[in-house]
Amino acid sequence: MSRIIVVTSGKGGVGKTTVTANLGMTIARLGHQVALVDADFGLRNLDLLLGLENRVVYTAAEVIIGECRLEQALVKDKRQPGLMLLPATQNRRAEAINPQQMKQLIGELSKMCDYVLIDSPAGIEMGFKNAIAGATEALIVTTPEIAAVRDADRVVGLLEAQSVKRIHLIVNRLRPKMVRENDMMSVEDVQEILAVPLIGVIPEDENVIVSTNRGEPLALADNLSLAGVAFQNVGRRLQGESVEFLDLDNNNENFFSRIGKVLRTKIF
């Protein structure tokens, strides 16, 4: 059976779409069939990060209302066989889409792929409900900021209420120097609050901005940056591999050691 994973957070601006694009590319490069679903109806951005915006003809909305077949709406990535995108609609048709329709659509898509990654919109309203409707797993993305962590905590509760029990945490845009100076929450702090197993830590990296503007996910690069390696490692952990976490603080005591064996054991 395919794995259907929603990438969510509650708060906007924490990097959900960047995580979705890079994980999708990573998993596809590992030999899997992957579908990325942009569930942020009204504010479509996943196509931009993938560099596929000029190839979008139909969207999820047209599939749901029967104006086209699912296969017609899927945009295949020519750079990476096995990766395809189901774009979000940007018009008022989005208002008519409900969770049951999304669940049925995701169910059809899952028959074609090994992984379905759903990019959830910010907030916890209808867009969020649509995004999680067909999901059986979730990746919670948060930055090490109290507002983002609080919103993530609320989302964890909502996911559990919807019987999404397999939930993992990605801490994004970590700055080790700020952590050392007590100006930023540590990974351990975030994990303690959310009580969700950690699957990835992505460092702050200016290459993310460059890749976003170019429509080329970091995971595509031949010479991976630190963030690119971190995304690659998350993809491998999703498949059950035991992968060491990166030492992001070579000149000082590795703060990951405070988390101990939890970070170095197999997650599944």
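## Cysteines

This predicted model contains zero disulfides. Cys-68 is unpaired: the nearest cysteine sulfur belongs to Cys-113 and is 16 Å away. The reverse holds for Cys-113, whose nearest cysteine sulfur is that of Cys-68, 16 Å away. A disulfide is counted when two cysteine sulfur atoms lie within 2.5 Å.

Are these cysteines buried or exposed? Cys-68 has 8% relative accessibility, so this residue counts as buried. Cys-113 is also buried, at 6% relative accessibility.

## Nonpolar cores

Nonpolar side chains in soluble globular proteins tend to be buried together. Here, the largest nonpolar core has 52 residues. Which of them touch the most other members? They are Leu-86, Ile-118 and Leu-159. Helix H7 gives the most to this core, with five residues.

Ile-118 shows what such contacts look like. Beyond residues up to four places away in sequence, Ile-118 touches Ile-4, Ile-5, Val-6 and Val-7. Its list of contacts also includes Val-37, Ala-39, Ile-106 and Ala-131. Another core, of 35 residues, lies apart from the largest one. Among its members are Val-14, Leu-117, Ile-199 and Val-208.

## Helix H9

Helix H9 spans residues 187-194. Its buried residues are Val-187, Val-190, Gln-191 and Leu-194. Why do they sit on the same side of H9? They cover an arc of only 95 degrees around the axis, which puts them on the same side of the helix. The general rule is that an α-helix has 3.6 residues a turn, so residues three or four places apart point the same way.

What do the buried residues of H9 pack against? Their partners are strand S6 (137-142), helix H7 (146-161), strand S7 (166-174) and strand S8 (198-203). H7 is also the element that gives the most to the largest nonpolar core. After H9 comes Ala-195. The phi of Ala-195 is positive, near 55 degrees.

## Asn-233 in helix H11

Asn-233 is found in helix H11, which covers residues 226-238. Is Asn-233 buried or exposed? Its relative accessible area is 6%, so Asn-233 is buried; the cut-off for that is under 20%.

Which residues is Asn-233 in contact with, leaving aside neighbours within four places in sequence? They are Val-243, Glu-244 and Leu-246.

Terms used
Residues are numbered from 1 along each chain as its sequence is written. This is a predicted model: local features need pLDDT of at least 70, side-chain atom pairs count only at pLDDT 80 or more; totals for chains, interfaces and linings use all residues. Side-chain values use heavy atoms; hydrogens and water are left out. Buried means under 20% relative accessible area, exposed over 50%, partly exposed in between (1.4 Å probe, protein chains only). Helices (H or I, at least four residues) and strands (E, at least two) are DSSP runs, numbered from the N terminus. The arc is that of the directions from the helix axis to the C-beta atoms. Contact means heavy atoms within 4.5 Å. A nonpolar core is a set of buried Ala, Val, Leu, Ile, Met, Phe, Trp, Tyr and Cys residues joined through side-chain atoms within 4.5 Å.
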